[in-house]
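Good morning, and thank you for joining this session. I shall present one structure and ask you to follow along as I move from one region to the next.

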Amino acid sequence: MKVTTDIGGTFTDLLYLDDNGDFIFDKAHTTPPNFEDGVMNVMAQSGLDYGSIEMFIHGSTVVINTLTERKGAKVGLITTKGTRDVLEIARGNRPDLYNFKYKKPEPFVERYLRLEVEERMNYKGEVLQTLNEQDVIDAIEHFRDEGVEAIAVCLLHAYKNPEHEIEITKLINEKWPELPVTASHEMIKEWREYERTNTTVLNAYVKPVMESYIDSLDGRLNSKTSNNNRYIMQSNGGITSFSDSKKYPLNLVESGPVAGVYGAAILGEIIGESNIISFDIGGTTAKCSLISEGNVKVSTDYYIEKNDKYAGYPIKVPVVDIVEIGNGGGSIAWIDELGSLKVGPQSAGSVPGPVSYGQGGEKATTTDANLYIGRLSDKNFDSDVDFSHVREAIDRQVAGPFGTSTEDGALGIIDIANSNMLNALKLISVRKGYNPQDFTMIAFGGGGPMHAAELARDLKIKKVVIPHAASVFSAWGMLMSDARKDNIQTYLKKFSALDFEDINKQWTDMENASLEDFSKNNLDRFPIEFERSVDLRYEGQEHTVKMPIENDEWDGTFIEEAKLKFHEMHEFTYSFKLEHTEVEIVNMHLTTIGKIEKPDLKELETNGLRIEETIKETRNVYYKEHGWVETKIYDRNLLREGHSIEGPAVIEEKTSSTLVLENQQADIDVYGNIILTVEVKSYD
């Protein structure tokens, strides 16, 4: 059987398919800093048969946690003479234009650990100055004296010709073989010196941490099973080997969340929905992504810590286009210096967790608010809930300062959290020219089903799908994922000046390199497919448009067809086209996919129960419009195809609850998904 595990900020999820074709899932608390303990705990807790494991797939937050918490290695950088300060110069475009106190992001490598060596390539990859090996040896000795734990190597134009980077890496391995080294050409073959350098440095920064984690997890698994087919989820939505993830851990920066996006795309295909907004709320963050015509967008324009006031750090590795904000079940409510109520990004996490967990948490969170107004049941918590403690926290943090009731204080927390999530949903839809009314929301994670009804109503989305096993849906997405490698190469040429023989050879070379990569990582046992795309722009432009292509061979006819398609895509993206302007290719993108057999989605067997027999209790739930209302609580485990529920109602399961508002209807499909029909407010 295939087993998937996904580490979140609060819970570690597990999902696998048993011999009967049933999905078995479980959750356990995440165990920082020893995250592998949480993985082993949830596997033991589930009672799975270790001897039956045929494939193990893992999603991890170790990389993003290491970056955001600044707990990585001490890194030394070797770069071309004259480019030592690329990380500090960064980009001149400031996100907060009129903030005169704005500060650029601090480099992850201090200046005294950024050393230059004599060497030089031109933009064509031609050698202008040979490498001075003594400079490299001196740099190694300096790093040794300073206690450096990893080295990054990023030379000018190495994406075009990595010869000197290869020489430097060889010298480091000879002089200091135990030290981890990252060379830029191994990570990225695109131009942009600042982005390349930062990406290389960040990979070096997390490499020792990830090596230690993977080795520890691998060792723990070896004690339970002899099967070696172990893979890890990458940010591009595909899996790779454990050994590959240790070399290039930055490819795992969004390891867990993107699995949910791919899962949403696959579920959409199964139920006949091609336009999807994927919406995932966990314990710490909320993540959303837009899937148009069944296509999940992957790009290398990814940043961590970027917002409207801070430039953040670019990471030029393939990442699913996803917006992530610090709002989840554990997000803490607080009042800022201007007296405004805020929720997140600070989180109570798994330790101590929300107040309702009874583990010492003192600060009210979104989970506490949902519990207090009746959307959640205390019967589904692992320990007894002290409601007086929850009430006191909400009163102290929100209700008291604003002079309102505890109920309205709790609703205030939820409203602010919803507002934050709504902004994120608009970023991936309205702000990019898409009308949310044309999309179906697939909501998952522990909190997604609870907030989806209100958010869909406000966005005018007419249908919401709550998947079966929604709380572990990202783990389900891993079960449905393929092996994947993205090979992106800068190839700056005008269409009018293309050498067809050369570019066709380039595609062939990229295919051969990808096949070799698959072979080294035990991925070549899967049937392999190639997908091609190119980044195009008008001459003189900065930004590009990614265009999928199907042709194996480039010729004059293909170029004319590509021009027409590009004009259309450019007009859709930027609202204009320049039909008489030269078109330029910037990057070639080859995606290699190892197709993994996916389990069929099993239809739920009927149980003959009437809808009234699926009601587990009635309890008071607090609504903004009506106050406390006696509400029917349905047991999701008993619901089957044909069951229909009119709101207001709550559909409850152990690990999540689905809110159905007044004038909304929830129907159950053949797979056990909840199909929520949303009444959209009229704004006429």
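I begin with the second largest pocket, whose lining comprises 36 residues; nearest its centre lie H185, E186, K189, N487 and D517. Please bear in mind throughout that this is a predicted model. The volume of this pocket is about 920 Å³. As a general remark, empty space of this kind is revealed by rolling a probe the size of a water molecule over the atoms.

Which elements supply at least two residues each of the lining of this second largest pocket? They are α6 (184-187), α8 (242-247), β25 (483-494) and α15 (500-520). Strand β25 provides the largest share, with seven residues. Sorted by class, the lining of the second largest pocket contains 12 nonpolar, 12 polar and 12 charged residues.

I turn now to the sheets. In general, the strands of a sheet pair through backbone hydrogen bonds, in either a parallel or an antiparallel manner.

One open sheet consists of four strands in the order β6-β5-β9-β10, and its pairing is parallel. At its edges stand β6 (114-117) and β10 (181-183); each has a single partner strand, so one side of each is left without a neighbour in the sheet. From one strand to the next, the twist of this sheet averages 20 degrees. Within the sheet, strand β5, residues 75-80, pairs with strand β9, residues 150-154, in the parallel sense over five bridges. To place one of these bridges, look at G76: its partner in β9 is I151.

Another open sheet has four strands as well, ordered β29-β30-β32-β33, but here the pairing is mixed. Its edge strands are β29 (615-623) and β33 (656-660), each with a single partner, so one side of each has no neighbour in the sheet. The twist in this case averages 30 degrees from one strand to the next.

How many residues lie between β29 and β30 in the hairpin that they form? There are three. These two strands pair in the antiparallel sense over eight bridges, with β30 covering residues 627-635. Along the hairpin, Y622 stands opposite W628 in β30, and E617 has I633 of β30 as its bridge partner.

Let us move to a helix. Is α13, residues 448-459, mostly covered or mostly uncovered? The helix is mostly covered, with 11 of its 12 residues buried. Among the buried residues of α13 are M450, H451, E454, L455 and R457. Just after α13, K460 takes a positive phi of about 65 degrees.

That leads to backbone geometry. As a general rule, most residues other than glycine have a negative phi, and most peptide bonds are trans. Several places in this model depart from that pattern, and I shall take them in turn.

A469 is a residue other than glycine with a positive phi, near 60 degrees. This alanine sits in the loop between β24 (463-466) and α14 (473-479). Why does A469 count as buried? Its relative accessible area is 4%, and buried means under 20%. N663 also has a positive phi, near 70 degrees, and belongs to the loop between β33 and β34 (665-668).

Two peptide bonds are to be noted as cis. The bond from P32 to P33 is cis, with omega near -5 degrees, and P33 lies in the loop between β3 (23-29) and α1 (35-46). The bond from G344 to P345 is cis too, with omega near 0 degrees; P345 is located in strand β22, residues 341-347.

Next, a loop residue and its partner in space. T285 occupies the loop between β13 (276-281) and β14 (286-292). With a relative accessibility of 16%, T285 counts as buried. Although T285 and G328 are 43 residues apart along the chain, their C-alpha atoms are separated by 4.5 Å.

I close with the cysteines. How many disulfides does a search of the whole structure find? The search finds zero. Two cysteines may be pointed out on the model: C154 is buried, with a relative accessible area of 1%, and C288 is likewise buried, at 2% relative accessibility.

Notes: Residues numbered from 1 in each chain as written. Predicted model: local features only at pLDDT ≥ 70, side-chain atom pairs only at ≥ 80, totals over all residues. Heavy atoms only, no water. Disulfide = S-S within 2.5 Å. Buried < 20%, exposed > 50% of the residue type's maximum accessible area, 1.4 Å probe, protein only. Pairing = 2+ DSSP bridges. Axes fitted to C-alpha atoms, helices over the stretch in contact; angles between N-to-C directions. 1 Å grid on protein atoms, 1.4 Å probe; cavity = no way out; pocket = protein on both sides within 12 Å on 5 of 7 lines; lining within 4 Å. Points joined across faces, edges and corners; volume = space filled by probe spheres on them. Nonpolar A, V, L, I, M, F, W, Y, C, P; charged D, E, K, R; others polar.
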